[in-house]
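Work through the following exercises with the coordinates open, and settle each one step by step before reading its solution.

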Amino acid sequence: MAQTPQQRRANNTFAKAEERKRGKPQGEVQRKEKPTKAPISKTWVCECLPLLSISFSLFFSSVSPFRCGVVGLGKG
C-alpha cells in the first residue's frame with residue numbers, strides 16, 4: 001500500500017528527529033513532553049459534584065433519624 005503525502009511528511013519529520021538524536025548520550029537527548037490531561041473533564045466535575053453533594057445530604061438527612069433513635073422502632 002502506498003503512502004499518502006501526509007504520511008510521507010510525518011515519516012520524514014520523525015526520521016529527521018531520530019537522526020539528530022543518533023550518537024548522543026541518552027541524558028543529552030531532549031524529549032518533548034505532552035501536557036497531561038485530567039482523567040475526567042471539567043464539565044463532568046462541575047455538573048456532577050453539586051448533584052452528588054445534594055444527593056448525599058438528602059440521603060444522610062433521611063437516615064439520621066433512624067440512627068439517632070429519634071423514631072421509636074420497638075422501644076418501649
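Throughout, a residue is called buried under 20% relative accessible area, exposed over 50%, and partly exposed in between, with a 1.4 Å probe and protein chains only. The model is predicted, so local features need pLDDT of at least 70 and side-chain atom pairs count only at pLDDT 80 or more, while totals for chains, interfaces and linings use all residues. Residues are numbered from 1 along each chain as its sequence is written, and side-chain values use heavy atoms, with hydrogens and water left out.

**Exercise 1.** Determine how many disulfides a search of the whole structure finds, and classify C46 and C48 by accessibility.

*Solution.* Start from the criterion, a pair of cysteine sulfur atoms within 2.5 Å. The search of the whole structure finds zero disulfides. C46 takes part in none, since its nearest cysteine sulfur, that of C48, is 9.8 Å away. For accessibility, C46 counts as exposed at 57%, whereas C48, with a relative accessible area of 28%, is partly exposed.

**Exercise 2.** Locate I40 and state which surface patch it helps to make.

*Solution.* First, I40 lies in the loop between helix 1 and helix 2, the latter covering 42-68; helices here are DSSP runs (H or I, at least four residues), numbered from the N terminus. Next, I40 is partly exposed, at 47% relative accessible area. Finally, I40 joins W44, V45 and L49 in a nonpolar surface patch of about 410 Å².

**Exercise 3.** Compare the span of helix 1 with its expected value.

*Solution.* Helix 1 comprises 17 residues, 5-21. The expected span is 1.5 Å times one less than the number of residues, which gives 24 Å, and the helix reaches 25 Å from its first C-alpha to its last, close to that value. Beyond the helix follows G23, whose phi is positive, near 90°.

Terms used: Helix = DSSP H or I, 4+ residues; strand = E, 2+ residues; numbered from the N terminus. Patch = residues over 30% accessible without salt bridge, like charges linked within 9 Å, V, L, I, M, F, W, Y side chains within 5 Å. Areas by Shrake-Rupley, 256 points an atom, 1.4 Å probe, with all protein chains shown as cover. Salt bridge = Lys/Arg side-chain N within 4 Å of Asp/Glu carboxyl O.
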